[in-house]
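Me: I would like to go through the labels given to this model and ask what each one rests on.

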Amino acid sequence: PLDLARRSLFVITDEAIADTHAQVVCAALKDSGPRSLNFLALPSGEATKSLEIYERAVSWILDNGVDRE
């Protein structure tokens, strides 16, 4: 198992999955003791598979303090 304690975690999913599973997943991840837990839900569907959305996701990760740890 991964040691997630004291790490920054980033979860990216689509809105349909977020609506049904986000609370359970985030609760389970919080129990592992991360330094921070960041969650981004993107629109569902083919339109999300674009460079614009990729750029949005990468910018969000960088804005939320991703590091190599």
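**Strands, rings and core**

Reply: In this predicted model, strand β1 (residues 8-14) and strand β2 (residues 36-42) run parallel and are joined by 7 bridges. Leu 9 stands opposite Leu 37 in β2.

Me: What makes β1 and β2 a strand pair?

Reply: Pairing needs at least two bridges, and 7 bridges join β1 to β2, so the two strands pair. Together with helix α1 (residues 15-30), they make a right-handed β-α-β unit.

Me: Why is the contact between Phe 10 and Trp 60 called edge-to-face?

Reply: The count of aromatic pairs comes to 1. In the pair of Phe 10 and Trp 60, the centres are 5.7 Å apart and the planes are at 90 degrees. Centres must lie within 6.5 Å, and planes over 60 degrees apart count as edge-to-face, so both conditions are met. Phe 10 lies in strand β1 and Trp 60 in helix α2 (residues 51-63), so the pair ties together parts that are 50 residues apart in sequence.

Me: Why does Trp 60 count as buried, and what does Phe 10 count as?

Reply: Buried means under 20% relative accessible area. Trp 60 has 16% and therefore counts as buried. Phe 10, at 23%, counts as partly exposed.

Me: Which residues make up the largest nonpolar core?

Reply: Leu 40, Leu 42, Ile 53, Ala 57 and Trp 60 form this core of 5 residues. β2 and α2 are the elements that give two or more residues to this core, and the largest share, 3 residues, comes from α2. Leaving aside neighbours within four places in sequence, the contacts of Leu 40 include Ala 57 and Trp 60.

Key:
Residues numbered from 1 in each chain as written. Predicted model: local features only at pLDDT ≥ 70, side-chain atom pairs only at ≥ 80, totals over all residues. Heavy atoms only, no water. Helix = DSSP H or I, 4+ residues; strand = E, 2+ residues; numbered from the N terminus. Right-handed = clockwise from strand over helix to strand, strands pointing away. Phe/Tyr/Trp six-rings, centres within 6.5 Å; stacked < 30°, edge-to-face > 60°. Buried < 20%, exposed > 50% of the residue type's maximum accessible area, 1.4 Å probe, protein only. Core = buried A, V, L, I, M, F, W, Y, C linked by side-chain atoms within 4.5 Å. Contact = heavy atoms within 4.5 Å.
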